[in-house]
Amino acid sequence: MEYITLQEVTAHTQQFIHKAEQGEEIIVTENDKPIAKISSVVKEPFGYGSAKGEIYIADDFDETPEDFKEYVE
């Protein structure tokens, strides 16, 4: 993440927009305080298996809980 001043973004807007397009997040500051963030709105599409290892699914996920068996059987 890059921090830049409002004056820098005003002088070099196109440069920072292109950096954001490449996935970099840029924080704009004024008087040493963050006031805005520049980031891309385009998200990479998720492919099959892209969340592997990120999502936990219990071993008994497909089993009907005892309390609900009378409603589904």
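This is a guided tour of a predicted model, moving from the sheet to its hairpin turn, then to the charged pairs and the aromatic pair.

**The sheet**

Begin by selecting the three strands, which form an open sheet in the order β1-β2-β3 with mixed pairing. If you look along the two margins of this sheet, you will find β1 and β3 at the edges, each with a single partner strand, so one side of each is left without a neighbour in the sheet. From one strand to the next, the twist averages 35°.

Now colour β1 and β2, which run parallel and are joined by four bridges. To find your place in this pairing, select Tyr3, whose bridge partner in β2 is Ile27.

Keep β2 on display and bring in β3, since these two strands pair in the antiparallel sense over five bridges. Two positions help to trace the pairing: Val28 stands opposite Ala36 in β3, and Glu30 stands opposite Lys33 in β3. With a surface shown, turn to β2 as a whole, where four of the five residues are buried, so that the strand is largely enclosed by the rest of the structure.

**The hairpin turn**

Follow β2 into β3 and you will see that the two form a hairpin with two residues between them. Which backbone angle deserves attention at Asn31? Asn31, in the loop between β2 and β3, has a positive phi of about 55° although it is not a glycine. As general background, most residues other than glycine have a negative phi.

Select Asp32 next, which is also placed in the loop between β2 and β3 and has a positive phi of about 65°, again without being a glycine. Is Asn31 buried or exposed? Asn31 counts as exposed because its relative accessibility is 68%, and Asp32 is likewise exposed, with a relative accessible area of 77%.

**The charged pairs**

Switch to a display of side chains for the next part of the tour. Side chains of opposite charge can pair when their charged atoms come close. How many salt bridges does the structure hold? It holds three salt bridges, and each can be visited in turn.

For one of them, select Glu2 and Lys19, whose side chains meet in a salt bridge at 3.0 Å, N to O. This pair links distant parts of the chain, with Glu2 in strand β1 (residues 2–5) and Lys19 in helix α2 (residues 13–21), 17 residues apart. Glu2 counts as partly exposed at 22% relative accessibility, and Lys19 is partly exposed too, with a relative accessible area of 26%.

Move on to Lys37 and Glu25, where the side chains meet in a salt bridge at 3.8 Å, N to O. Here too the pair links distant parts of the chain, 12 residues apart, and Lys37 lies in strand β3 (residues 33–38). Lys37 counts as partly exposed at 49% relative accessibility; the cut-off for exposed is over 50%, so the value for Lys37 remains in the partly exposed class. Glu25 is partly exposed as well, with a relative accessible area of 30%.

Then select Lys69 and Glu66, whose side chains meet in a salt bridge at 3.2 Å, N to O. In this pair, Lys69 is partly exposed, with a relative accessible area of 27%, whereas Glu66 is exposed, with a relative accessible area of 62%.

**The aromatic pair**

From there, select Phe68 and Tyr71 to see the one aromatic pair that the structure holds. The ring centres of Phe68 and Tyr71 are 6.3 Å apart and the ring planes stand at 55°, so the pair is tilted. Turn on the surface again for Tyr71, which counts as exposed at 61% relative accessibility.

**A last stop on helix α2**

Finally, return to helix α2, where you can select Glu21. Glu21 counts as exposed, because its relative accessibility is 54%. To end with a distance, draw a line between the C-alpha atoms of Glu21 and Glu8, which are 13 residues apart along the chain and separated by 18 Å.

How values were computed:
Residues numbered from 1 in each chain as written. Predicted model: local features only at pLDDT ≥ 70, side-chain atom pairs only at ≥ 80, totals over all residues. Heavy atoms only, no water. Phe/Tyr/Trp six-rings, centres within 6.5 Å; stacked < 30°, edge-to-face > 60°. Buried < 20%, exposed > 50% of the residue type's maximum accessible area, 1.4 Å probe, protein only. Salt bridge = Lys/Arg side-chain N within 4 Å of Asp/Glu carboxyl O. Pairing = 2+ DSSP bridges. Axes fitted to C-alpha atoms, helices over the stretch in contact; angles between N-to-C directions.
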